[in-house]
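Me: Please take a close look at one part of this model, the small open sheet and the residues around it, and describe it in one connected account.

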Amino acid sequence: MTEAADTIVVVPSEIQSSKLRACLSCGLVKSVAQFLAYGCENCPGLIEAGTGDRERVLTFTTTEFSGITALYKPKRSWVARWQRLSQLVPGCYAVGIHANVPDDVLEELDALHFDTRG
Ligand SMILES: [Zn+2]
């Protein structure tokens, strides 16, 4: 990612944490509407932008997360290094993901070469 890309900051459009979801792979926290419209900025191929595939968004994101870390300049942040987020887009990230991910979802993440966080 170039330094210019650091100027893109993804901010959740919801304030209520119950309406926010975290990407199972990278932990990016957004609303369902944002995942539907923009996909996951870190995980193209996992959640694509603009497909309207709500089921896929719900499958590969979770409400089962704790804490939110806001990253503005991931490459310069010790929190980003600690949370292993340095290579990701600036935005809000789950500190911990506690979802019970079904085996078939894990297999698809693995097949697509995405890890799960948590
Ligand atoms: Zn992601």
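Reply: What follows goes from the sheet to one of its residues and then to the core.

This is a predicted model, in which local features need pLDDT of at least 70 and side-chain atom pairs count only at pLDDT 80 or more, while totals for chains, interfaces and linings use all residues. Residues are numbered from 1 along each chain as its sequence is written.

The open sheet has three strands in the order E2-E1-E3, with antiparallel pairing, where strands (E, at least two residues) and helices (H or I, at least four) are DSSP runs numbered from the N terminus, and two strands pair if DSSP finds at least two bridges between them. Its edge strands, each pairing on one side only, are E2 (29–31) and E3 (61–62). E1 and E2 are joined in the antiparallel sense by three bridges, and Arg21 has Lys30 in E2 as its bridge partner.

Lys30 counts as buried because it has 27 C-beta neighbours inside 10 Å; the cut-offs are 20 or more other C-beta atoms within 10 Å for buried, 12 or fewer for exposed, and partly exposed in between, with C-beta atoms placed from the backbone. Leaving aside residues up to four places away in sequence, Lys30 touches Val10, Pro12, Leu20, Arg21 and Phe35, contact being C-beta atoms within 7 Å.

The largest nonpolar core (buried Ala, Val, Leu, Ile, Met, Phe, Trp, Tyr and Cys residues joined through C-beta atoms within 7 Å) has 23 residues, of which Ala22, Cys23, Leu28, Cys40 and Ile47 touch the most other members. Strand E1 (20–23), helix H2 (54–60), strand E4 (65–71) and strand E5 (91–97) are the elements that give two or more residues to this core. Beyond four places in sequence, the contacts of Ala22 include Leu28, Val29, Phe65 and Ile97.

Terms used: Two residues are in contact if their C-beta atoms, placed from the backbone, lie within 7 Å.
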